[in-house]
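Student: Can we walk through this one together? I'd like to ask about what sits where, and get short answers.

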Amino acid sequence: MKRIGTLLAAVVFLFSCKEKGEKQEIAAGSSFGEINTVSLVIDDLLWNSEIGDTLRKKWAAPVDGLPQEEPLFTLNQYPTKIFEGMVKKNRNIIIIKKGKSNTFAHKINRYASPQQLFYITAHSTEELLKLVEQKAAEITKIIKAAEITENQKRILKTPASDQLIQDKFRIKMALRSNYSYELVANKFLWIRRELATGYNSLLLYEVPISAIEKNNTIINNILNVRDSIGKKFIHGSVGKTWMITERAYSPYFLQTQIDHKMAFETKGTWQLKNDFMAGPFINYAIKDIKNNRYLILDGFTYNPSKSKRDLIFELEAMMKSVVFIP
């Protein structure tokens, strides 16, 4: 219980950190909604105009790194006249309307908790479009961070033991209860969740810092290490098949932080060599200077002909919950 309490406290702390100028308000009752769902409160006339087209392009755009197009968020539109009752209890709400002045506001927990509420108001269509363009990236960043926190909180309600992870890698991690250890080897773990039509997998392993930073080709080094691990541990049901990274399209690559440590995030597509299985992956290489290593967290999904967005997002939430043990 102490371990779970520590992780949950960390999650609550992260969620409580707010952008400068945001207003924290007292709310009654809990919010609700599926992960990655956003309620857009906007009248039908605007929704069916250029404004609505722009909103869909911003918040229903395809997610990076998925083999099929899936929207960044699931959007539910409500006219302003029915913005009452349970609609106000939704976790993520964006209100767009015309008014006397051009304003943008971000409120937290106004009608329920947790809740992210955004107001975009302008006196003309042109000014509304301008405000949306200016604030869309900021809104997306805030909602995604809040959804990661919400996902972690849900995972910690019914967690699986991470003791084996602690013993092997000196980290703590929020691990959902329906994941089990598929393969345990020296400095390597394969953790897997069975789905009705596939599976969700999480790999943990480590390599020396030099293995990632040699020759100044970090992304290629990460992918080469990933492919070597796939060849060693992740095989298909027939001979001479193993997991590799799809190289036909350049993976999405950026620098980030996990537990205050520099990390590289890579998103792309995996496939089985000499086979037809494939799916999306998300990889974090976390630099651990103290132990002269990169800790690698690699999540991948196989769920043919089904949605993969929230499965990858679940893996991302678990990986971003990592806390290094001193």
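Student: Which residue has its charged end over the ring of F281?
Tutor: Bear in mind that this is a predicted model. A charge counts as sitting over a ring when it is within 6 Å of the ring centre and within 35 degrees of the ring normal. Over F281 there is such a charged end, 3.8 Å from the ring centre, and it belongs to R226.

Student: And how far from the ring centre of F324 is K261?
Tutor: Here a lysine lies over the face of the ring. The cut-off to the centre is 6 Å. For K261 and F324 the value is 4.9 Å.

Student: Let's take strand 14: is it mostly covered or mostly open?
Tutor: Strand 14 spans residues 278-288, which makes 11 residues. Nine of them are buried, under 20% relative accessible area. So by that cut-off, strand 14 is mostly covered.

Student: Which residue of strand 14 stands opposite K267?
Tutor: Strand 13, residues 261-272, pairs with strand 14 in the antiparallel sense, over nine bridges. Five residues lie between the two strands in their hairpin, where N274 takes a positive phi near 65°. Opposite K267, in strand 14, you'll find I282.

Student: What about the other partner: which residue in strand 15 is the bridge partner of D288?
Tutor: Strand 14 and strand 15 (residues 293-302) run antiparallel and are joined by eight bridges. Their hairpin has four residues between the strands, and N292 there has a positive phi near 50°. The bridge partner of D288 is R293.

Student: Why is the pair of Y199 and F300 called edge-to-face?
Tutor: The whole structure has 10 aromatic pairs. In this one the ring centres are 6.4 Å apart, and the pair is edge-to-face because the planes meet at 90°.

Student: How many residues apart in sequence are the parts this pair ties together?
Tutor: Both Y199 and F300 are buried, and ring pairs link them with W270 and Y302 into a cluster. Y199 lies in strand 10 (residues 199-208) and F300 in strand 15, so the parts tied together are 101 residues apart.

Student: Which element gives the largest share of the largest nonpolar core?
Tutor: That core has 33 residues, and L204 and I286 are among those with the most contacts inside it. Strand 10, strand 14, strand 15 and helix 8 (309-320) are among the elements that each supply at least two of its residues. The largest share is six residues, and it comes from helix 8.

Methods:
Residues numbered from 1 in each chain as written. Predicted model: local features only at pLDDT ≥ 70, side-chain atom pairs only at ≥ 80, totals over all residues. Heavy atoms only, no water. Buried < 20%, exposed > 50% of the residue type's maximum accessible area, 1.4 Å probe, protein only. Pairing = 2+ DSSP bridges. Phe/Tyr/Trp six-rings, centres within 6.5 Å; stacked < 30°, edge-to-face > 60°. Core = buried A, V, L, I, M, F, W, Y, C linked by side-chain atoms within 4.5 Å.
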